Each structure stands twice: as C-alpha cells, then as structure tokens.
Amino acid sequence: MLLNVNLLSKKFGGNQAVDQVSFSMEEGTIMGLIGPNGSGKTTVLNMLSGILTLDSGSVLLNDREISHLKPSALARLGVMRMFQMTRVFARVSAFDNLIIAGQALGLSFQKSVTKADQLIVELSLEPVKFLDAGQLSGGQKKLLEFGMCFMKSPKLALLDEPFAAVHPQMRETMANFIKARHQEGHSFLLVSHDMPIVQALCQTCVCMNTGKVIASGLTKQVLSNPQVVEAYLGGEHV
Ligand SMILES: Nc1ncnc2c1ncn2[C@@H]1O[C@H](COP(=O)(O)OP(=O)(O)OP(=O)(O)O)[C@@H](O)[C@H]1O
Ligand SMILES: [Mg+2]
C-alpha cells in the first residue's frame with residue numbers, strides 16, 4: 001500500500017475539523033477526496049503534507065510512519081503538495097520558477113533547465129515562459145505550480161482543488177497532465193468539487209462530511225451513495 005491513513009484527527013478550538021479519518025491508497029492510483037465546503041479535506045491534506053501536526057492517528061507511506069515529518073523531508077520522500085491558493089514566486093519568470101523548484105528538489109542546474117523546457121511545452125506555457133509569474137493568469141499559475149511539483153516526479157502528489165476557477169482549456173491541459181503521469185505510474189490524491197472531473201480521473205474516492213469519512217470505494221458508487229448525495233444537499237431531504 002502506498003498510503004495508509006489511520007484514525008487521523010484534528011481539532012481547532014472546539015471544532016473537530018477532522019474526526020478519525022481512515023483510508024488507504026494503492027500505488028499508481030488517482031484517488032479523489034470530496035465533500036462539501038468545510039468538511040475537512042484541506043485539513044487532511046495539510047496533515048498529510050506536514051503543514052499541520054496531527055492531534056492523533058498515523059500516516060504510513062510504504063509502511064513508514066511519516067506523520068511527524070516536515071514538508072521538506074516529505075518532499076524528499078516524494079510527497080508533494082499543491083495548494084488551493086497558488087504559490088509561485090511572483091517576481092521571477094515562469095521558467096525560473098521551474099528552475100528554482102528543480103534545484104530545491106536536488107536537481108542539477110543543467111537537469112533543471114532541460115526538465116523546465118519540457119514542462120513548459122507540455123503545460124502550454126511557451127507564450128509566458130519569460131514573463132514574471134505574477135503576470136500569469138490564475139490558470140497559468142496553477143499550471144506552473146504543477147510544473148514546479150513535477151520537476152522531480154513525486155511518488156504522491158496531493159492536489160487541493162487544482163481545477164477551481166480555471167479556464168476549461170487549461171483544465172483540460174491539467175487533466176491530460178495528470179492522466180499522462182498516472183500512465184507512468186504516479187499517484188494522486190485529488191481534492192475537487194468538480195464531479196465530472198472526479199468521475200473521469202479517479203478510480204476510487206473518499207467522501208468526507210463534517211470531519212468524518214461518510215463513504216469510500218469506487219467513485220461511481222460513492223457518488224451515488226445516498227449519504228453523499230444528502231451531504232451535498234446540505235442535509236435537506238428532497
Ligand atoms: N487554521 C484553522 N484554524 C481554525 N479552524 C480551521 C482552520 N483550518 C480549517 N478550519 C476549520 O476546519 C473545518 C474544515 O476546514 P477545511 O478547510 O479542511 O475544509 P475543506 O473541506 O477543505 O473545505 P473547502 O471545500 O471549502 O475548501 C472548517 O470548519 C474550517 O473552518
Ligand atoms: Mg479546502
């Protein structure tokens with residue numbers, strides 16, 4: 001098993017944001033993490049990527065306990081995180097952002113340049129290659145961040161709503177990028193509110209509501225689970 005999340009919990013003041021969440025992921029899969037707003041998805045990703053400490057529970061990556069590790073140590077083990085709010089260096093060119101990411105991940109300068117050139121083409125960023133990243137559109141920044149995460153292909157990429165507010169054409173570039181990496185055997189945990197994309201990309205998914213896992217398994221089955229439908233309707237019966 002690539003990832004084993006066991007009884008993960010996190011409380012903010014009196015708010016049990018994540019409540020005994022357990023799930024596991026096999027190597028080479030794209031797993032969806034869905035649920036209504038405020039259900040705890042980002043908090044789970046924050047714990048998996050070492051940004052937040054857990055109150056309790058365990059996280060195993062290939063049977064190794066990783067829950068106490070910092071983001072930099074996790075990145076070295078191949079766990080990379082993409083944020084709901086894009087993080088790029090605004091006053092550095094798109095191309096140089098990739099080079100910086102490559103070097104931070106331990107690639108040589110020459111390797112970083114070669115890889116950055118490939119990714120610029122694959123992510124359709126040629127027209128903005130030498131523009132400051134701050135001048136890129138929201139979607140282009142997201143694509144750039146994908147590139148930064150994939151300068152050295154991660155074992156597991158944690159994606160927090162990469163498709164939100166992105167132009168459909170760029171959404172397709174992103175989806176194709178994820179599919180191509182999946183074909184190469186990479187694994188993704190994908191938080192998204194875009195159900196058609198979740199259905200198209202994720203073989204399996206986990207649905208959370210108010211901090212708890214309410215359903216998990218094959219995506220199609222999870223999406224048609226009455227508890228999941230009800231959670232998205234805000235608990236109202238129709
Ligand atoms: N740093 C924080 N401090 C206090 N409360 C927080 C913090 N981060 C999240 N929360 C609370 O924890 C709960 C879960 O939030 P989280 O952001 O994980 O949800 P989410 O599923 O990612 O929602 P969305 O779909 O809107 O992004 C919410 O009630 C939120 O207000
Ligand atoms: Mg979130």
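Two exercises with worked solutions follow, on the surroundings of a ligand and on a sheet. The model is predicted, so that local features need pLDDT of at least 70 and side-chain atom pairs count only at pLDDT 80 or more, while totals for chains, interfaces and linings use all residues. Residues are numbered from 1 along each chain as its sequence is written, chains are lettered from A and ligands numbered from 1 in the order in which they are written, and side-chain values use heavy atoms, with hydrogens and water left out.

**Exercise 1.** Describe the shell around ligand 1 and its polar contacts.

*Solution.*
1. Ligand 1 is surrounded by 14 residues, each with a heavy atom within 4 Å of the ligand. Gly38, Lys41, Thr42, Thr43 and His193 are the closest.
2. Next come the polar contacts, pairs of N or O atoms within 3.5 Å. An oxygen atom of ligand 1 lies 2.7 Å from a side-chain N or O atom of Thr42. Backbone atoms also take part: one of Gly40 is 3.0 Å from a ligand oxygen, and a polar one of Ser39 is 3.2 Å from a ligand oxygen.

**Exercise 2.** Establish how the strands of the open sheet are arranged.

*Solution.*
1. Strands are DSSP runs (E, at least two residues), numbered from the N terminus, and two of them pair if DSSP finds at least two bridges between them.
2. The open sheet has four strands in the order S2-S1-S4-S5, with antiparallel pairing. S2 and S5 (64–65) are the edge strands, each pairing on one side only.
3. Strand S1 (residues 3–12) is joined to S2 by seven bridges. Leu3 stands opposite Met25 in S2.

Notes. A polar contact is a pair of N or O atoms within 3.5 Å; within protein, one must be able to donate a hydrogen and the other to accept it, and residues adjacent in sequence count only if both atoms are side-chain atoms.
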